[in-house]
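Visitor: Please take me through one part of this model in close detail, and then set that part in the context of the remainder. I would like to know which residues meet there and how much of each is open to solvent.

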Amino acid sequence: MVLLITIANISYACIISYSLYYLFASFQSPLPWADCFSWWGADETCSRTSKDPFCNFTLDDGYFEIVNTTWLQMYNETCPNGSEISFPHQGPGEQYWDKAVLHRTSSLDETGEIVWYLALCLLLVWLMVGAAVLKGIKSSGKAVHSTVMIPYVVLTILLIRGVTLEGASEGIDFYIGSQSDFSKLADAEVWKDAATQIFYSVSVGWGSLITLSSYNKFHNNCYQDTIVVCVVNCATSVFAGFVIFSTLGHMAHVQNKPVSEVAQSGLALAFIAYPEALVQLPWATLWSILFFFMLITLGLDTLFASFGTVMTSLLDQFPEFLRSKRLYLTAGVCLLFYFLGLVCVTQAGIYWFHLMDYFCTGWILITVGLLELLGLSWVYGR
């Protein structure tokens, strides 16, 4: 459990470092991912709109000619199967993510160099975490109290703006409506992803809940707390879904595409799809700053609790030796996690992130949760 949350801390801090970089990049107009600007390395494959495929068309005299779709429509012709020639295409948001932010290499084998500005953002993340947990639950509790409501405020602002956009209803209909593909409920992978999301957001199997509950009063109503945490967590996820898909619906409407073609998941949703959607809005800089500030506060709240789990485990295991040296222990663990996380801010860092994310979430997290349940039931239930 502690090993899993240690790896999760390292990878999660990298996500916050990406968010910090995007927050700093948002303080300019136009936003850098609004178009294919040469100053951040956009190449000829970058375009705001996808390029129409060409066709290797056979003329009446037997010769071949490369023609575009306009020519085919003009002469009322169709391209034979297998004769289409497609050109590689990346939107500015996707290419900015790959080239300007990550400097992504082609594979995990090509580590490349450390991306210095991401390394600085990662250092800033661990400085904030170290300062927040320096004095234990008292300091981290104050930090969480001051940041926990910020995501809800920003989500509400983004929702009000999102639902007033043209095409928002299309996104919401895709999210939970007639366009939703309910047949995927029969797919075990979907249920695994849903369980992983719940385990991750509620911190089941990580040890964070056990750590935080250990600071409760002896007669605290844990049953009531459990119900409140589960209900608020699920309600927040559903609420955030409306925020995201209302804006993606507007993006699909502007680009004249189905919502399914602009909707993405994981890091691509946070750092490609949604930033591209924000570009379509008036005052895009303001909305981008609010969005990434929300991601940072949300991520830091999670990291405060999960890092506190590691610290509490060490202090409880070696109380006589470590409790008097809490300052040095906090600084040492933060420094260690920072150096371990540098692999995620290399040019191949995104591959390492996905590797850690795949093996530390999913079935292994569900398995750890079930083993904890069986262990508690067997030991304390007898």
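Guide: Apart from residues up to four places away in sequence, T312 touches T211 and Y215. The model is a predicted one, and every value that follows is to be read in that light. T312 belongs to helix α13. Its relative accessible area is 11%, so T312 is classed as buried, since the limit for that class is under 20%.

Helix α13 covers residues 284-317, and S288 is another of its members. With a relative accessible area of 0%, S288 is buried. Once neighbours within four places in sequence are set aside, the residues in contact with S288 are S26, L31, W33 and L278. One of these partners also takes part in a polar contact: the side chains of S288 and S26 come to 2.6 Å of each other. Two buried positions on helix α13 have thus been described, T312 at 11% and S288 at 0%.

The charged pairs come next. Side chains of opposite charge can pair when their charged atoms come close. Across the whole structure, the search returns 2 salt bridges. One of them joins D316 to R323, with 3.0 Å between the closest N and O atoms. D316 has a relative accessible area of 49% and is therefore partly exposed; R323, at 47%, is partly exposed as well. The other salt bridge brings together the side chains of R104 and D98, at an N to O distance of 2.8 Å. Here the two partners fall into separate classes: R104 is partly exposed because its relative accessibility is 32%, whereas D98 is buried because its value is 13%.

The cysteines can be followed in the same manner. The structure holds 1 disulfide, formed between C36 and C46 with an S to S distance of 2.0 Å. Its S-S torsion is about -80°, and the disulfide of C36 and C46 is therefore left-handed. Both cysteines are placed in the loop between α1 (2-25) and β1 (54-58), 10 residues apart. C36 has 24% relative accessibility and so counts as partly exposed, while C46, at 10%, counts as buried.

Which cysteine sulfur is nearest to that of C14? It is the sulfur of C344, at 3.6 Å, and C14 is in no disulfide. The reason lies in the cut-off, because a disulfide requires the two sulfur atoms to be within 2.5 Å. C14 has 0% relative accessibility, which means that it is buried. C222, by contrast, is partly exposed, its relative accessibility being 43%.

On the surface, a nonpolar patch is formed by F24, W116, L120, L123, L124 and L127. Together these residues present about 620 Å² of accessible area. Helix α4, residues 116-133, contributes the largest share of the patch, namely 5 residues. W116 is located in helix α4, and because its relative accessible area is 61%, W116 is exposed.

Further along the sequence, L134 is found in the loop between α4 and α5 (137-147). Its relative accessibility of 32% makes L134 partly exposed. L134 and Y328 are separated by 194 residues in sequence, yet their C-alpha atoms are 9.5 Å apart in space.

The wider setting can now be given. The protein contains 17 helices and 3 strands. Of its 382 residues, 41% are buried; T312, with its 11% relative accessible area, is one of the residues classed in that way. Considering contacts between residues at least 6 apart in sequence, 75% join residues at least 24 apart. The accessible surface of the protein is about 21300 Å², and 65% of that is supplied by carbon and sulfur atoms.

To return to the part with which this account began, T312 lies in helix α13 and is in contact with T211 and Y215. In that helix S288 is also found, with its side chain in polar contact with that of S26.

Terms used
Residues numbered from 1 in each chain as written. Predicted model: local features only at pLDDT ≥ 70, side-chain atom pairs only at ≥ 80, totals over all residues. Heavy atoms only, no water. Patch = residues over 30% accessible without salt bridge, like charges linked within 9 Å, V, L, I, M, F, W, Y side chains within 5 Å. Areas by Shrake-Rupley, 256 points an atom, 1.4 Å probe, with all protein chains shown as cover. Salt bridge = Lys/Arg side-chain N within 4 Å of Asp/Glu carboxyl O. Helix = DSSP H or I, 4+ residues; strand = E, 2+ residues; numbered from the N terminus. Buried < 20%, exposed > 50% of the residue type's maximum accessible area, 1.4 Å probe, protein only. Polar contact = N/O pair within 3.5 Å; in protein donor to acceptor, adjacent residues only side chain to side chain. Contact = heavy atoms within 4.5 Å.
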